[in-house]
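Student: Got a minute to walk me through this one? I'd like the short version.
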Amino acid sequence: MNIRELWEQLLQRDEHTQLEVKLGNEIGNSVMQTVCAYANTIGLDGGHLLLGIKEDNTPSWALPIQINFRVI
């Protein structure tokens, strides 16, 4: 799934089990907790973390960063 598809999904459904957004102005506890949850949740098979998104789902940067996690 590319960033455009994730963005459309975010606008339609908001965050969900495999799509999380963070402001991402620093890699703090919130981001690390999301990464650990994606890595440790059995059956989830990873997820997508978009950094650079405000609480109201608007970009805080010119280009949000997409991080995909896949459990192997």
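Tutor: Terms first: buried means under 20% relative accessible area, exposed over 50%, partly exposed in between (1.4 Å probe, protein chains only). This is a predicted model, so local features need pLDDT of at least 70, side-chain atom pairs count only at pLDDT 80 or more, and totals for chains, interfaces and linings use all residues. Residues are numbered from 1 along each chain as its sequence is written, and side-chain values use heavy atoms, with hydrogens and water left out.

Student: Fine. What order do the elements run in?

Tutor: From the N terminus, α-β-α-β-β. That is 2 helices and 3 strands. Helices (H or I, at least four residues) and strands (E, at least two) are DSSP runs, numbered from the N terminus.

Student: How much of the chain is buried?

Tutor: Of its 72 residues, 31% are buried. The accessible surface is about 5000 Å², and carbon and sulfur atoms hold 52% of that. Those areas come from the Shrake-Rupley method with a 1.4 Å probe; for residues, only the protein chains shown count as cover.

Student: Take helix 1. Which residues are buried there?

Tutor: Helix 1 spans residues 3-13, and its buried residues are L6, Q9 and L10. They sit on the same side of the helix because they cover an arc of only 100° around the axis. The arc is taken from the directions from the helix axis to the C-beta atoms.

Student: And what is exposed on the face turned away?

Tutor: R4 and Q12.

Student: What comes right after helix 1?

Tutor: D14. It lies in the loop between helix 1 and strand 1. Its phi is near 70°, a positive value in a residue other than glycine. D14 is partly exposed, at 38% relative accessible area.

Student: Back to the inside. Which residues make up the largest nonpolar core?

Tutor: Six residues: L6, L10, L19, V21, L50 and I53. Helix 1 and strand 1 (19-22) each supply at least two residues of this core. A nonpolar core here is a set of buried Ala, Val, Leu, Ile, Met, Phe, Trp, Tyr and Cys residues joined through side-chain atoms within 4.5 Å. Apart from that core lies another, of 5 residues, among them V31, L44, L49 and L51.

Student: What is L10 in contact with?

Tutor: Leaving aside neighbours within four places in sequence, L10 is in contact with E15, L19, V21, I53 and N57. Contact means heavy atoms within 4.5 Å.

Student: You mentioned L49. Where is L49 found?

Tutor: In strand 2, residues 47-51. L49 is buried, with a relative accessible area of 0%. L49 and Y38 are 11 residues apart in sequence, and their C-alpha atoms are 9.4 Å apart.

Student: Switching to charges. How many salt bridges does a search of the whole structure find?

Tutor: Just 1. E20 and K22 meet through their side chains, N to O at 3.1 Å. The cut-off for a salt bridge is a side-chain nitrogen of Lys or Arg within 4 Å of a carboxyl oxygen of Asp or Glu.

Student: Is K22 buried or exposed?

Tutor: K22 counts as buried, because its relative accessibility is 14%.

Student: What does T34 touch?

Tutor: E20, K22 and L49, not counting residues up to four places away in sequence. T34 is in helix 2, residues 29-40. T34 is buried too, at 9% relative accessible area. Its side chain also reaches the backbone oxygen of S30 at 3.1 Å.

Definitions and conventions. Polar contact = N/O pair within 3.5 Å; in protein donor to acceptor, adjacent residues only side chain to side chain.
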